[in-house]
Amino acid sequence: MISNNTRDLCLDMLVSILEKRQLSHVVLRETLKENSHLNKKDRSFLTRLTEGTVEYCIFIDYIIDEFSKTKVSKMKPLIRNILRLSVYQIKYMDSVPDSAVCNEAVKLTEKHGFAGLKGFVNGVLRNIARSIDDVKLPNPSEDMVKHLSVKYSMPVWIVEKYIYSFGIEDSIKIFEAYLSHDKKLQVRCNTSEKSVDEIVQMLCEDGVKVTRSNNLSDAIYIENYDYIEKLQAFLDGYIQVQNFSSMLAACIADPKEGYNVIDMCAAPGGKTMHMADIMKNTGHIISRDINEKKVNLIRENLERFGYTNVEPQVFDATVPDARYFRKMDLVMCDIPCSGLGVISRKPDIKYNVTKESIENLIPIQRNILSNAVRYLKKGGKLVFSTCTINTEENMGNYNYLMENFKLKPADISDIVPKGLQTDTLKDGYLQILPDKYGNDGFFICKFIKK
């Protein structure tokens, strides 16, 4: 039996995420940390209910509007989020009886001081429960964009943008990938201390189910664990939570032992730690981000891994630092971006990013990339990456670098795993779409300074 308190926690999180626009993964992580007394079943229920409601919010609102005279946009924030989390249970969680969903929603409504609206909440939900299978999507022949927007819970402007960039068929594949629920945690093995086989054995002894990656030898999927922070392999610094697409950035960078490196936008430090591992704790990596809070995340990872060749620094990447002009063998530049490639893991992104916010990012990105080039010595390597699939932020910046600086693309064909080979590698870049290989959408390119 799931406690009403669990639904109450979900309600609090939905208000934080959908009304106050806080980051979903941060809100969920902090809530689970603060409520560590919850048993595994309650934590799983809470995670799925919160993530699922955010993920399907546009479709859920469409359903509610079909049955309620008061439209979602006109409702009090608490009421609309009580209805949202309840409709998600009715539509997607068969293990929860509809009657229980309605009863618990009424209790939440009363608990939060809206006893006068419990009849409204009860009536809307019971009507939805009776007729949920009869809900019709917008007619695609009349309005394909609206149809796809509702069906896949994607804002209209993103649907239009993707259709323009990728066509309808490939856009649908991307939208389906965003809603895929095969979300095993992806981690990288720190092979400077133990072999992958030894780390896998260590995890299996803790009851963790492990699946090896077909493309990256030091990458694995893990599942069937409680808290990752309790796993000995994590505590000892043998594994790092990191998506495979992100791991490719350090692989493509291919840092050599003894290199001088700047990681310009490094928090939480995944790429920094990966490069330190590849460099066998030699050379010097300056790992930077814009504020103390972000750099503390790098320090936490550094403490766990124990590398001595990494120097965390608080520094704004948009500000040039003349101390390092023409001195670096390698600059890693994972620029701030729209994040449209990681919507499957951070679904709130699709509600928070706008056309205007992307337009405002472009000059910031180019400022950072311009500084990155300044740090390179002759023959130095620049790797810039994003976790987006937006053309302006990826190929737009690639072309900007080609046209404005003395750089040549590095052929990365021999570095990228065979399963990820594309015709673009000889031109120094790789675009991974979210429907490919079960990974995040990611863009990585590599240049050499002439």
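How many helices and strands does the secondary structure of the protein comprise? The legends below begin with that count.

**Figure 1. Overall fold of the predicted model.** The secondary structure of the protein consists of 17 helices and twelve strands. With a radius of gyration of 24 Å, close to the 22 Å that the globule rule gives for 450 residues, the protein is as compact as a globular protein of that length. The C-alpha trace extends about 70 × 50 × 40 Å along its principal axes.

**Figure 2. Burial, contacts and surface of the protein.** Of the 450 residues in the protein, 54% are buried. Among contacts with a separation of 6 or more, 73% join residues that lie 24 or more positions apart. The exposed area of the protein amounts to about 20000 Å², of which carbon and sulfur atoms supply 49%.

**Figure 3. Close-up of the largest cavity.** Rolling a probe the size of a water molecule over the atoms shows where empty space is left. A search of the whole structure yields one cavity of 30 Å³ or more. The space in the largest cavity is about 30 Å³. Its lining is formed by Ser213, Asn215, Leu216, Phe244, Leu248, Leu420 and Asn439. By residue class, the lining of the largest cavity comprises four nonpolar and three polar residues, with no charged residue.

**Figure 4. Close-up of valine 124 in helix α7.** Helix α7 covers residues 118–131 and includes valine 124. The relative accessible area of valine 124 is 5%, so this residue is buried, given that burial requires a value under 20%. When residues up to four places away in sequence are not counted, valine 124 touches Ser68 and Leu83. Lysine 20 provides a point of reference elsewhere in the chain: the C-alpha atoms of valine 124 and lysine 20 are 25 Å apart in space, and the two residues are separated by 104 residues in sequence.

**Figure 5. Close-up of histidine 274 in helix α13.** Histidine 274 is located in helix α13, which runs over residues 270–278. Is histidine 274 buried or exposed? Its relative accessibility is 1%, and histidine 274 therefore counts as buried. Leaving aside residues up to four places away in sequence, the residues touched by histidine 274 are Arg188, Asp218, Gln242, Met247, Ala250 and Cys251.

Terms used:
Residues numbered from 1 in each chain as written. Predicted model: local features only at pLDDT ≥ 70, side-chain atom pairs only at ≥ 80, totals over all residues. Heavy atoms only, no water. 1 Å grid on protein atoms, 1.4 Å probe; cavity = no way out; pocket = protein on both sides within 12 Å on 5 of 7 lines; lining within 4 Å. Points joined across faces, edges and corners; volume = space filled by probe spheres on them. Nonpolar A, V, L, I, M, F, W, Y, C, P; charged D, E, K, R; others polar. Helix = DSSP H or I, 4+ residues; strand = E, 2+ residues; numbered from the N terminus. Rg over C-alpha atoms; globule rule 2.2 N^0.38 Å. Buried < 20%, exposed > 50% of the residue type's maximum accessible area, 1.4 Å probe, protein only. Contact = heavy atoms within 4.5 Å. Areas by Shrake-Rupley, 256 points an atom, 1.4 Å probe, with all protein chains shown as cover.
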